[in-house]
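I set out to record what the coordinates show, beginning with the overall make-up and moving on to helix packing and single residues.

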Amino acid sequence: MTQPEESTPTHFRNVAAFVDEYLRYIYQRQVTDTTDAVWCPEWWKHTEAVVRLDSLWRAWEHYRLRETTGLSIWFTDHADPHMTKLLDPSGPFKYCNARHGHRQLLAPLPLTSPPREVFDWMAPLTPPLPESSKEKEPVDRVYASVVEFVENYLSVTYQRQVTDTTETVWCPEWWRHPEAIIRLDSLWRAWEFFRQKAPVGLSEWFLTLADPQMKQLLDPRGPFRYCSARHGHKELLTPLPSAVSPGMFTDPDDARDYRV
Ligand SMILES: [Zn+2]
Ligand SMILES: [Zn+2]
């Protein structure tokens with residue numbers, strides 16, 4: 001983990017010190033012998049927890065120096081929503097327990113790799129990410145495409161129980177769903193931008209973009225309704241029916257064809 005890019009030295013030397021010496025004293029909750037809230041003493045074994053808590057620590061280092069609103073904003077806009085996600089019994093600590101410790105039962109979301117041409121139809125709809133520009137520095141991008149982003153980051157970060165449950169669904173062939181492609185592509189593009197918006201960028205990306213979008217995708221009534229991690233993709237959903245007759249709308253731009 002790199003240190004926050006600020007001239008002021010950070011109060012805590014890293015996320016582990018922040019959790020150990022600060023956060024766990026603030027958020028004292030009943031996490032033993034209850035099903036309301038869960039916590040894993042080995043939180044650092046969970047990618048999602050590390051990423052969320054690291055972004056939370058960076059945001060704290062930023063907000064603690066603000067004289068007026070300061071930590072109140074940190075609490076309401078960052079800490080509370082992240083801690084709600086982490087303490088949620090169906091969240092990343094689902095199988096862990098304050099009394100019995102960590103259990104390695106969740107795994108990255110299952111994936112199969114798409115053929116390249118799957119994304120061809122999307123190219124004209126999305127702006128190209130600039131490789132570099134004359135005036136600015138070359139764009140510092142971590143992942144070359146949405147596929148790399150999903151395979152190396154998102155599927156590892158959002159580890160959820162998606163097998164033998166009706167609460168959450170995931171399709172290993174997510175790229176067969178136009179909605180998933182567009183949502184995940186937009187998440188990747190935003191991530192590449194927000195991660196460089198230190199020090200609160202990544203926390204904002206998680207809470208305002210990734211969490212709401214992943215909620216839609218993982219919803220059993222969402223785009224993956226008939227698919228499953230165990231049995232794979234099922235081509236059962238079809239586009240919403242639309243009975244527009246030719247000439248119903250006249251517009252100079254009618255020649256444009258948005259069908260995919
Ligand atoms: Zn654990
Ligand atoms: Zn599917």
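**Entry 1. Overall make-up.** I began with the surface: the accessible area of the protein comes to about 15,600 Å², and 53% of this belongs to carbon and sulfur atoms. I note at the outset that this is a predicted model. I then looked up burial and found that 41% of the 260 residues count as buried. The secondary structure consists of six helices and zero strands, so that I wrote the order of elements from the N terminus as α-α-α-α-α-α. For contacts between residues at least 6 apart in sequence, I recorded that 75% join residues at least 24 apart.

**Entry 2. Helix α1.** I looked up the start of this helix, which spans residues 15-26. N14 caps its N-terminal end, with a side-chain oxygen 3.1 Å from the backbone nitrogen of A16. Within α1, I listed V15, A17, F18, V19, Y22 and L23 as buried. The cover over these buried residues includes α2 (47-63) and α3 (70-87).

**Entry 3. The loop after α1.** I turned to R29, which is found in the loop between α1 and α2. Is R29 buried or partly exposed? Its relative accessibility is 47%, and R29 therefore counts as partly exposed. I also took the C-alpha separation of R29 and W39, which is 9.2 Å for two residues ten apart along the chain.

**Entry 4. α2 against α6.** I examined how these two helices cross. Their axes come within 7 Å, at a crossing angle of roughly 125 degrees. Because of that angle, I entered α2 as oblique to α6. On the α2 side I found V51, R52 and S55, which meet L202, S203, F206, L207 and D211 in α6. Sorted by class, this contact has four nonpolar, two polar and two charged residues.

**Entry 5. α4 against α6.** I next examined helix α4 (residues 146-157) with helix α6 (residues 201-218), which pack at an angle of about 90 degrees with axes 13 Å apart. The two are therefore roughly perpendicular to each other. I listed F149, Y153, L154 and T157 as the contributors from α4, and L202, W205, F206 and M214 as those from α6. The residues of this contact divide into seven nonpolar, one polar and no charged. I noted that L202 and F206 of α6 appear here and also in the contact with α2.

**Entry 6. Burial in α4.** I looked up which residues of this helix are buried and found V146, V147, F149, V150, Y153, L154, S155 and T157. What covers them includes α2, α5 (178-194) and α6.

**Entry 7. T157.** I returned to T157 in helix α4. Its relative accessible area is 1%, and T157 is therefore buried. A polar atom of the T157 side chain lies 2.7 Å from the backbone oxygen of Y153. Not counting residues up to four places away in sequence, T157 touches T47, E48 and F206.

**Entry 8. P92.** I located P92 in the loop between α3 and α4. At 4% relative accessibility, P92 counts as buried. Which residues does P92 touch, not counting those up to four places away in sequence? I found H46, E48, K85, L86, L106 and R160. E48 is thus entered for P92 and also for T157. I further recorded a C-alpha to C-alpha distance of 9.1 Å between P92 and C40, which are 52 residues apart in sequence.

**Entry 9. H233.** My last lookup was H233, found in the segment after α6. Its relative accessibility is 16%; because buried means under 20%, H233 counts as buried. What polar contact joins the side chains of H233 and H177? I read a distance of 3.2 Å for that pair. The H233 side chain also makes a polar contact of 2.8 Å with the side chain of E235. Leaving aside neighbours within four places in sequence, I listed C171, E173, R176, H177 and C227 as in contact with H233. H177 is thus entered as a contact of H233 and as a polar partner of the H233 side chain.

Conventions: Residues numbered from 1 in each chain as written. Chains lettered and ligands numbered in written order. Predicted model: local features only at pLDDT ≥ 70, side-chain atom pairs only at ≥ 80, totals over all residues. Heavy atoms only, no water. Axes fitted to C-alpha atoms, helices over the stretch in contact; angles between N-to-C directions. Helix = DSSP H or I, 4+ residues; strand = E, 2+ residues; numbered from the N terminus. Parallel < 35°, antiparallel > 145°, perpendicular 65-115°, else oblique. Contact = heavy atoms within 4.5 Å. Nonpolar A, V, L, I, M, F, W, Y, C, P; charged D, E, K, R; others polar. Buried < 20%, exposed > 50% of the residue type's maximum accessible area, 1.4 Å probe, protein only. Areas by Shrake-Rupley, 256 points an atom, 1.4 Å probe, with all protein chains shown as cover. Polar contact = N/O pair within 3.5 Å; in protein donor to acceptor, adjacent residues only side chain to side chain.
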